[in-house]
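Me: Please take a close look at one residue of this model and then set it in the context of the whole chain. Keep it plain, and give the cut-offs for the terms.

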Amino acid sequence: MQTVFAPNLLAGKVALVTGGGSGIGAGIAKLFAEHGAKVSLVGRTVQKLESVAGEIAAAGGEAMVHAADVRDFALLDEAFAATVKRFGRLDLLVNSAAGNFLSPAANLSANGFRAVIDIDLCGTFNACRAAFPHLSKQGGSIVSITATQADVPTPLQVHAGAAKAGIAKLTRDLALEWGRVGIRVNAVAPGPIENTEGMSRLAPGTTADSLKKRVPLQRYGTIEEIAAAVLYLVSPAGAYVTGSTLLVDGGTSLIGAGPFLDMMGA
Ligand code: NAP
Ligand code: COA
């Protein structure tokens, strides 16, 4: 990415990124490493994590991987302990791990709803909670990736909308409690981001075409644009920002559920 930031904004920092093995999480991890952070990548699939760690190493950065399901607090706790053992400290946490799929609420099973709440909302709490003892030593910063569905009523995604709304609230509550120990807690809500698993699952075919035309900025966002927003929040430029959710959506939330309504067939 052609950076618009000063170099080495994160020199000496250590970051853990859940969902760092692909998509937006991988993009954030790579930008953090480019700015001098040592990065710990967490997800369920070790091959994906190793592939991103390999890219970071090839670019001159330093990364480690730790396989863990964010739904399992004990495994996550081990991931943080291993990170601090290897890199000596923890300064930054990014919660990007999530699951989503399209399903009419009337067909969604209780377990399907719970699976997404467990990964997105409980997984985010688990990571924040496991990070706390490490971050509170010298202060730090947490950014969770939420989504515009947290605010915009969106058909076929009741599970993800509820989970992401929970993350936005959790962000504000943790910011209130943890500001006094020097931990800032924020979120980034991306709009539709090109070349991601999220977009291939949620806006297939014609929906993608009609959505792109309606985005006020007339295009999808890029992984690099989301990573840049996260970098801003954790960098010294964001030092007085806490409890906020930064919309990085090209104005998509201004148009409501738009093309997704067509997918209901109503
Ligand atoms: P993605 O590539 O599928 O990223 C999600 C990552 O989370 C994967 O690497 C996945 O790896 C990991 N993951 C899933 N379940 C997990 C679990 N239980 N424990 C640990 N890791 C888990 O999708 P993406 O599109 O980049 O999405 C990244 C984030 O951006 C998500 O929070 C998503 O809601 C948000 N977002 C995306 C868009 C978009 O347009 N793409 C828009 C708004 C918000 P494993 O399966 O190997 O664990
Ligand atoms: N439509 C309706 N229900 C679905 C579904 C779909 N497309 N996919 C899964 N479910 C339901 C399952 O049927 C199951 O419920 P049941 O036991 O009542 O049948 C429940 O969700 C859990 O499914 P399972 O496959 O066991 O979940 P998992 O924990 O292994 O996987 C998912 C979680 C379902 C979110 C999976 O899609 C995933 O791992 N996604 C990660 C990547 C991703 O979604 N990236 C995009 C981020 S925006």
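Reply: What follows starts from V42 and moves outward to the cores and the whole chain.

The model is predicted: local features need pLDDT of at least 70, side-chain atom pairs count only at pLDDT 80 or more, and totals for chains, interfaces and linings use all residues. Residues are numbered from 1 along each chain as its sequence is written, chains are lettered from A and ligands numbered from 1 in the order in which they are written, and side-chain values use heavy atoms, with hydrogens and water left out.

V42 sits in strand β2, which covers residues 38-43; strands (E, at least two residues) and helices (H or I, at least four) are DSSP runs, numbered from the N terminus. With a relative accessible area of 1%, V42 is buried, a word that applies under 20% relative accessible area, while exposed means over 50% and partly exposed lies in between (1.4 Å probe, protein chains only).

Leaving out residues up to four places away in sequence, V42 touches L16, V17, T18, G19, G20, L49, H66, A68, L76 and A79. Contact here means heavy atoms within 4.5 Å. G139 is 97 residues from V42 along the chain, and their C-alpha atoms are separated by 21 Å.

Next, the cores. A nonpolar core is a set of buried Ala, Val, Leu, Ile, Met, Phe, Trp, Tyr and Cys residues joined through side-chain atoms within 4.5 Å. The largest has 33 residues, and I28, F32, V39, V188 and V230 have the most contacts inside it. Among the elements that each supply at least two residues of this core are β1 (14-18), α1 (23-34), β2 and α8 (223-234). The largest contribution, eight residues, comes from α8. I28 touches V94, I145, A227 and V230, again not counting residues up to four places away in sequence. V42 belongs to a second, separate core of 27 residues, which also includes L16, L90 and L135. In soluble globular proteins, nonpolar side chains tend to be buried together.

Now the chain as a whole. The protein chain has eight helices and seven strands. Its radius of gyration is 18 Å, close to the 18 Å that the globule rule gives for 266 residues, so the chain is as compact as a globular protein of that length; the radius is taken over C-alpha atoms, and the rule is 2.2 Å times the number of residues to the power 0.38. Buried residues make up 52% of the 266 residues. Among contacts between residues at least 6 apart in sequence, 77% join residues at least 24 apart.
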